[in-house]
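Q: Could you take me on a close tour of one part of this protein? I'd like to see how its pieces fit together, with a little of the wider setting beforehand.

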Amino acid sequence: MPLFNQKISPGLSIADDTDILHFLNPDNSDKYVDARTALKNSDIYSIVFQLSADLANGKLKADAPRAQGILNNPTQTSNAHAFWQSMFAQLLLGGECFAYRWRNQNGTDMTWEYLRPSQVTPFLLEDGSGLIYNINFDEPEVGVMEAVPQSDLIHIRLLSQNGGKTGVSPLSALANELQIKDKSNKLTLSALGRSIIAPGILSVKHGGLLSDEDKASRSRKFMKQTSKSENGPIVIDDLEEYTPLEVKSNVAQLLNQVSWTGAQIAKVYGVSDSIINGQGDQQSSIQMMGNAYVKSLARYAKAVTGELNNKLNANINFDLRSAIDPLGDEYASTISNLQKNGTLGANQAAWLLQQANYLPSDMPEKEQTKVQVQPVQMVSSDDKQSTEGGDNDDKD
């Protein structure tokens, strides 16, 4: 049968019920938050950058050489760190990320191509046995690919409302917060633009009625007088009174009244707000904050390894030690405590630190400490008897 006569069974659309409501109510502008718009928010950009960078700093380890090879070099258009950080950033922004697996005839992965969510449309098979995707590639030579099986696509999801078929964007929970902060920024800029800053007030007394032009002219003359006096005393007559003005601005209150939005954004991503404003809970120790951040990274790491284990048919682990402890000092401190407690021997502790690249593998062996032996004078039995005999003679 010719290729153009083949009939592909259409799949069932995977659509959220709220899409119909949004179609009937187009004024519901808080339904969706664009990722490009969200990245203009400094708090969201800070959280997404730190989480995606730390996840990309981790190491994906597979027990199969082919799987490890594609994980180390997934793409030909950029380096591995940039590819994975882009994948994780899209995962944090949209709740899901995609990558197409270009494979050879043997099914071996050659390279992966990052796909934007707007390029991918998922469908459910009519018998419910799996998913298929319609993909719109940027390359004109490839064009549109229809009914792509789910085995050819890396599809990582976060929270899902349809059994794990698609993901939910964390930005959907921040629609109100972002609108409030946007309105607050506009209010603050408006207050700054309309603020009046004056050095003082020059009052005309005794029933003086001046027009607006006369008041402006008198103000200019007064300023000219003060400039010519070279910071000397100001001389005015009895019909005028000058009062220095001290303006207490409330703009700072406008800036601080929505500081809670940063904490709300951090709460949505499951991290402490200390990574945004550098303060957080002042009573929490650095170790407690670090442990909470590690748990947050582990939640996202499980979503990544769950998809990769399924598609690559390998046992893949996400080692986050290099991300949370880049220098390895905490790991070395833990190994040292285990050695002091007697759990590990000195040779075992050194081997673990060498495996973690904390110590060089060609490090020379430890020198043995030299023990200084004190000379001991040996006394023979004859000398001892003669000495005792001499002592007895002395007593006699």
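A: About 27200 Å² of the protein chain is exposed, and carbon and sulfur atoms supply 51% of that area. Please keep in mind that this is a predicted model. Of the chain's 396 residues, 29% count as buried. The fold has 15 helices and 11 strands. Among contacts with a separation of 6 or more, 63% join residues 24 or more positions apart.

Now let's go to the part I'd pick for a close look, an open sheet of three strands. Its order is β4-β3-β8, with antiparallel pairing. The two edge strands, β4 (109–115) and β8 (153–157), each pair on one side only. On average, neighbouring strands here are turned by 25° against each other, direction ignored. Strands of a sheet pair through backbone hydrogen bonds, in either a parallel or an antiparallel way. Between β3 (residues 96–103) and β4, six bridges make the antiparallel link. If you'd like one pair to find on screen, take Tyr100, whose bridge partner in β4 is Glu113.

Next, look at what covers these strands. Helix α5 (residues 80–94) lies across β3, β4 and β8, and it runs at about 140° to β3.

A good residue to zoom in on from here is Ser169, in the loop between β8 and α6 (175–193). Its relative accessible area is 17%; the cut-off for buried is under 20%, so Ser169 counts as buried. Leaving aside residues up to four places away in sequence, Ser169 touches Leu93, Gly94 and Gly95. The Ser169 side chain also makes two polar contacts with backbone atoms. One reaches the backbone oxygen of Leu93 at 2.5 Å, and Leu93 falls within residues 80–94, the stretch of helix α5. The other reaches the backbone nitrogen of Leu171 at 3.2 Å.

Before you leave the model, helix α3 is worth a stop too. At 1.5 Å a residue, its 16 residues (42–57) should span 22 Å, and the end C-alpha atoms are indeed 22 Å apart, so the two values agree. Asn41 caps the N-terminal end of α3, with a side-chain oxygen 2.9 Å from the backbone nitrogen of Asp43. Asp43 is itself one of the buried residues of α3, which also include Ile44, Ile47, Val48, Leu51 and Leu55. An α-helix has 3.6 residues a turn, so residues three or four places apart point the same way. With that in mind, you can follow Ile44, Val48 and Leu51, which are among the buried residues of α3, along the helix on your screen.

Key
Residues are numbered from 1 along each chain as its sequence is written. This is a predicted model: local features need pLDDT of at least 70, side-chain atom pairs count only at pLDDT 80 or more; totals for chains, interfaces and linings use all residues. Side-chain values use heavy atoms; hydrogens and water are left out. Helices (H or I, at least four residues) and strands (E, at least two) are DSSP runs, numbered from the N terminus. The expected span of a helix is 1.5 Å times one less than its number of residues. Buried means under 20% relative accessible area, exposed over 50%, partly exposed in between (1.4 Å probe, protein chains only). A polar contact is a pair of N or O atoms within 3.5 Å; within protein, one must be able to donate a hydrogen and the other to accept it, and residues adjacent in sequence count only if both atoms are side-chain atoms. Contact means heavy atoms within 4.5 Å. Accessible areas come from the Shrake-Rupley method with a 1.4 Å probe; for residues, only the protein chains shown count as cover. Two strands pair if DSSP finds at least two bridges between them. Axes are lines fitted to C-alpha atoms, for helices over the stretch in contact, and angles run from 0 to 180 degrees between N-to-C directions.
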